[in-house]
Amino acid sequence: SQSRYGGNGRDDLCTGGGNAGNGGSFIFNNPSQSLTITNTFTANTGTSGYCGQGTMNSSTLIKANTLSINRTGDMRIAGMVNVTNLIINGTFGAKHTSTSAQTNALPYPSHMEIWATNINLSSVGVLSANGANISTSSNQYGFAGNEMFIYVTNGYFNGFIEGRGGSVATQGAFNNGYGTKGAMISIVSPNPLAFEGNIDVRGGDGRNDAGGLRGDGGVVNISAPTINITKLILADKGSVGFSTTSGSGGNIILKADYINVTNNLRAFGYLPGNITLQGREIYVYNSILNASGDSTTSNSTVLIQYNVTINTTKATIQPPPRIIKENIFGRIKFLDRVSQYTDTGTFLLNKSINITDNLISVNSEGMFLNLTANLTIYGYANNTILRNGAACDATICQYLENGTNANGQLYESFNVTQFSTY
């Protein structure tokens, strides 16, 4: 075992040394060598201090051929990891475990970057950016989840990815106990990614009696050519807290040419979160996408932006999605939610929206898609809008703008209140 904990501060007041010390740093700069962790290795903050404030030191640097975390291994660090192979059978990441107090909720208190050619997160492994839970009576907040940015060429994510906000179980000296925000986890790859384990960035729990607030959900942002999601992604508010009007939903963002979702994505909160799927082909099958909220006055978004194919067969989407289709010829953005998004015997969403050269048409069969939308036609900029081959009436069409976009392409944008062919 190796420990690089920060020192402990006074546990009775802030002034005069009541802050926990920052965690230490670790340097391993041997790119041709391997490093194996078989037990506990931590660089966390001090374990006590009335005001908390200590952070994990982001100056840690690991450069190695292979970093392997054995099943009995538990490595908790922040900073930079640059390896050819990262093998995780135990626990690894910027997992905060300090029990010292927090007098305010520091956003993303620690930062970690992982650059790897290959990452193998096994089914028994845990990749963690958890915030710390607090259980002592002198505390106000838990530690928020941390930032974790992952850049990987070939990723195999079969285990659990966690980044929950810290929870507070007992009343603090200021008559509160606040859960904190979940982590920010970003994963980028030039090759296809499949996720066979849950991803959890829910907010932390607060006290369930007077003064307890729920933490906000965190952020999951994944970008790759192909993304397959077969397990849960959770970015909900904390599940416990005396206040029923606390805790916002987080954000889930998936960007790929091909996206396949066969399990639930959640960003639920008192103030709702957001879910964005952006890709060439998007398939959501037998899944629930929930970015709704307890607050009826708030506006959440499930946004699906696609290029060629959208298939939401047997999906449940709360609230109904906002849909954008864009290709080389143009773009249509529905300004209203699309309430009928599952295919039926008479309604096929994918076949009902068509964009070709100088033409955008929507089959509003059953009136499901007869909605207000902004249309953009690429390659033309002449201020003339035609509806079914004739000049469009100003009560239906409203010119927005034309010009040349950043790609040097002419465009014309206008708003329509109902559909046929434009």
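This passage describes the disulfide, the largest pocket, one buried arginine and some backbone features of the structure. The model is a predicted one.

A search of the whole structure found one disulfide. Its partners are C392 and C397. Their sulfur atoms lie 1.9 Å apart. A disulfide is a covalent bond between the sulfur atoms of two cysteines. The torsion about the S-S bond of C392 and C397 is about 80 degrees, so this disulfide is right-handed. Both cysteines were then examined for accessibility. C392 has a relative accessible area of 16%. Buried means under 20%, so C392 is buried. C397 has a relative accessibility of 8% and is likewise buried.

The largest pocket was considered next. This pocket holds about 250 Å³ of space. Its lining consists of 14 residues. Nearest the centre of the pocket lie N358, I377, T384, L386 and Y422. By class, the lining comprises seven nonpolar residues, six polar residues and one charged residue.

N358, one of the residues nearest the pocket centre, also has a notable backbone angle. Its phi is positive, at about 60 degrees, although N358 is not a glycine. Most residues other than glycine have a negative phi, and most peptide bonds are trans. N358 sits in the loop between β28 (353–356) and β29 (359–362). Its relative accessibility is 38%, so N358 counts as partly exposed.

A second asparagine, N388, also has a positive phi, near 55 degrees. N388 is placed in the loop between β31 (386–387) and β32 (390–391). L386, among the residues nearest the pocket centre, belongs to the strand β31 (386–387) that borders this loop.

A further backbone feature involves a proline. The peptide bond that joins Q318 and P319 is cis. Its omega is about -10 degrees. P319 is found in a loop, with β25 (316–318) on one side and β26 (322–326) on the other.

R214 was examined in detail. This arginine lies in the loop between β16 (212–213) and β17 (219–223). Its relative accessibility is 17%. That value is under the 20% cut-off, so R214 counts as buried. A polar atom of the R214 side chain lies 3.0 Å from the backbone oxygen of S239. S239 is also among the contacts of R214 when neighbours within four places in sequence are left aside. The other residues in contact are G179, G204, G206, K237, G238, V240, G241, S243, S246 and G247. R214 was also compared in position with G269. The two residues are 55 residues apart in sequence. In space, their C-alpha atoms are 9.4 Å apart.

Terms used. Residues are numbered from 1 along each chain as its sequence is written. This is a predicted model: local features need pLDDT of at least 70, side-chain atom pairs count only at pLDDT 80 or more; totals for chains, interfaces and linings use all residues. Side-chain values use heavy atoms; hydrogens and water are left out. A disulfide is a pair of cysteine sulfur atoms within 2.5 Å. Buried means under 20% relative accessible area, exposed over 50%, partly exposed in between (1.4 Å probe, protein chains only). On a 1 Å grid over the protein atoms alone, a cavity is a set of points where a 1.4 Å probe fits but cannot get out, and a pocket is an open set with protein on both sides within 12 Å along at least five of seven lines; lining residues have an atom within 4 Å of a point. Grid points are joined across faces, edges and corners, and a volume is the space filled by probe spheres set on the points. Ala, Val, Leu, Ile, Met, Phe, Trp, Tyr, Cys and Pro count as nonpolar, Asp, Glu, Lys and Arg as charged, and the others, Gly among them, as polar. Helices (H or I, at least four residues) and strands (E, at least two) are DSSP runs, numbered from the N terminus. A polar contact is a pair of N or O atoms within 3.5 Å; within protein, one must be able to donate a hydrogen and the other to accept it, and residues adjacent in sequence count only if both atoms are side-chain atoms. Contact means heavy atoms within 4.5 Å.
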